[in-house]
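I opened a fresh notebook page for this one and kept my entries short. Here is what I looked up, in the order I did it.

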Amino acid sequence: MSEISAGDTAWVLASAALVMLMTPGLALFYGGLVRPKNVLSTIMHSFFILGLISVQWVLWGYSLAFGPSVGGIIGSLSWVGLNGVGTDPSDYAKTIPHLAFMAFQMMFAIITPALITGAFAERKRFKAFVLFSLLWATFVYDPLAHWVWGADGWLHKLGALDFAGGTVVHISSGISALVAATVLGHRVGLGREKMEPHDLTMTVLGAGLLWFGWFGFNAGSALAANGLASVAFVTTNTAAAMGALTWVTVAWAHKGHPSVLGAAAGAVAGLVAITPAAGFVSPSSAILIGLGAGVICYFAIQLRERLRVDDALDVWAVHGVGGTWGAIATGIFASTAVNPDGANGLLFGNPGQFLIQILAVIVSWVFCGVMTFIILKIVDAVIGLRVPEQEEVLGLDISQHGEPAYQL
């Protein structure tokens with residue numbers, strides 16, 4: 001049995017705390033983007049998921065995602081309630097306690113369904129949101145995490161590279177967001193009423209917390225305080241910076257103003273895109289990945305607007321499209337000179353890895369899209385997805401929670 005490393009354990013636990021902070025950061029990021037009458041309801045989505053999925057993960061989520069594999073498709077229920085998950089190392093991380101690995105992965109499971117909530121902001125019933133989030137975490141996130149990260153998951157064994165969640169977190173949430181926005185339909189008054197962000201200072205603060213927490217997200221995924229963690233740390237910051245610079249530049253050229261919201265969105269797009277690649281590529285490659293994210297995600301928003309899909313906070317354009325670009329870019333720029341446990345990508349003589357990454361993207365898009373559609377239809381039949389029109393017009397803060405965000 002491997003010996004527990006105090007340094008590795010401290011880094012992974014600190015990284016788990018950093019990733020935990022990202023969900024309240026996301027609440028602020030999203031909260032600033034909605035109208036004043038929906039601020040609390042939007043923030044509550046992320047904050048409530050912090051509690052809901054923490055308990056789900058301990059009871060059965062972790063066992064389904066990382067437990068002993070059943071045919072490479074799903075984990076068994078042998079670790080339900082964290083049975084057998086203790087302070088000894090595990091096959092996933094040999095120098096930290098199994099509980100530390102579980103806690104780190106829990107924070108990923110929490111923020112992923114929280115990301116989806118931006119798509120249906122300002123119009124979904126709270127109880128429908130609760131049931132949807134629980135079902136989605138169980139039947140979408142947990143199986144996909146097992147496929148990609150489980151020791152015997154079928155995509156993992158195929159060789160798909162996803163250092164910290166390009167497919168598992170970002171494609172899954174982004175594609176699910178697109179389906180959710182389509183199924184729920186437009187907000188009342190869309191195209192007739194102003195639906196501008198009410199507090200961009202809140203959004204920029206949230207973006208800053210996300211950028212800060214992302215160091216735990218990506219560098220923590222090395223699962224040790226080592227050179228690979230430092231590579232992931234630097235590539236993460238580099239791609240975020242380049243994403244912000246690129247988005248601002250493109251928006252400036254397109255609309256005539258260097259957008260503050262664009263800087264925040266561009267940084268997040270860069271962070272999303274580097275996530276699957278962070279521990280497999282060089283800092284110079286991270287610049288190209290961030291550049292691509294800034295351009296591609298910006299124009300994905302223009303496409304979404306033309307298609308008239310009311311993805312309220314552009315989850316698909318940033319996370320779905322950004323995660324797709326990042327997963328494919330991993331297959332282009334990955335190098336065993338950076339990480340011997342990874343693989344070379346297309347630029348380093350291995351087109352096979354590029355094809356594997358594309359397959360992982362297609363599988364993630366189809367699985368998450370179909371499953372999300374089914375779950376939404378079930379929830380709609382049982383509870384009803386949308387609030388009544390008069391409650392939507394009043395605002396979800398009052399109609400769903402009985403509390404105003406601001407006493408004006």
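**Entry 1: overall fold.** I began with secondary structure and found 14 helices and two strands in the protein. The radius of gyration came out at 20 Å, close to the 22 Å that the globule rule gives for 408 residues, so the protein is as compact as a globular protein of that length. I noted for myself that this is a predicted model. The C-alpha trace spans about 60 × 50 × 35 Å along the principal axes.

**Entry 2: burial, contacts and surface.** Next I asked what share of the 408 residues is buried. My lookup gave 58%. For contacts with a separation of 6 or more, I found that 76% come from residues 24 or more positions apart. The exposed area of the protein is about 15,200 Å², and carbon and sulfur atoms supply 69% of that area.

**Entry 3: the greasy side of a helix.** I then went looking on the surface for nonpolar side chains. A nonpolar patch of about 710 Å² turned up, made by Ile362, Trp365, Val366, Val370, Phe373, Ile374, Ile378 and Val382. I picked Val370 from that list and placed it in helix H12, which covers residues 351–382. Is Val370 buried, partly exposed or exposed? Its relative accessible area is 45%, so I logged Val370 as partly exposed.

**Entry 4: cysteines.** How many disulfides does the whole structure hold? My search returned zero. Cys297 is in no disulfide, and the nearest cysteine sulfur, that of Cys368, lies 17 Å away. I also checked from the other side: for Cys368 the closest cysteine sulfur is in Cys297, and the 17 Å between them is too far for a bond, because a disulfide needs the two sulfur atoms within 2.5 Å. Both cysteines are hidden from the probe: Cys297 is buried with a relative accessible area of 0%, and Cys368 counts as buried at 0% too.

**Entry 5: Ser133.** I found Ser133 in helix H4, residues 126–149. With a relative accessibility of 1%, Ser133 counts as buried. Which residues does Ser133 contact, leaving aside neighbours within four places in sequence? I wrote down Ile49, Leu52 and Ile53.

**Entry 6: Val188.** This one took me to the loop between helix H6 (166–184) and helix H7 (200–219), where Val188 sits. Not counting residues up to four places away in sequence, Val188 touches Glu193, Met195, Arg386, Glu389, Glu392 and Val393. I also took a C-alpha separation here: Val188 and Gln390 are 202 residues apart along the chain, yet their C-alpha atoms are separated by 9.6 Å.

**Entry 7: positive phi.** My last job was to look at backbone angles. Leu82 has a phi near 60 degrees, a positive value in a residue other than glycine. I located Leu82 in the loop between strand S2 (74–75) and helix H3 (98–116), and at a relative accessible area of 15% Leu82 is buried. Arg308 also has a positive phi, of about 55 degrees, although it is not a glycine. Where is Arg308 placed? I found Arg308 in the loop between helix H10 (283–307) and helix H11 (315–333). Whereas Leu82 is buried, Arg308 is exposed, with a relative accessible area of 52%.

Key. Residues are numbered from 1 along each chain as its sequence is written. This is a predicted model: local features need pLDDT of at least 70, side-chain atom pairs count only at pLDDT 80 or more; totals for chains, interfaces and linings use all residues. Side-chain values use heavy atoms; hydrogens and water are left out. Buried means under 20% relative accessible area, exposed over 50%, partly exposed in between (1.4 Å probe, protein chains only). Patches are made of residues with over 30% relative accessible area and no salt bridge: like charges are joined within 9 Å, nonpolar side chains (Val, Leu, Ile, Met, Phe, Trp, Tyr) within 5 Å. Accessible areas come from the Shrake-Rupley method with a 1.4 Å probe; for residues, only the protein chains shown count as cover. A salt bridge is a side-chain nitrogen of Lys or Arg within 4 Å of a carboxyl oxygen of Asp or Glu. Helices (H or I, at least four residues) and strands (E, at least two) are DSSP runs, numbered from the N terminus. The radius of gyration is taken over C-alpha atoms; the globule rule is 2.2 Å times the number of residues to the power 0.38. Contact means heavy atoms within 4.5 Å.
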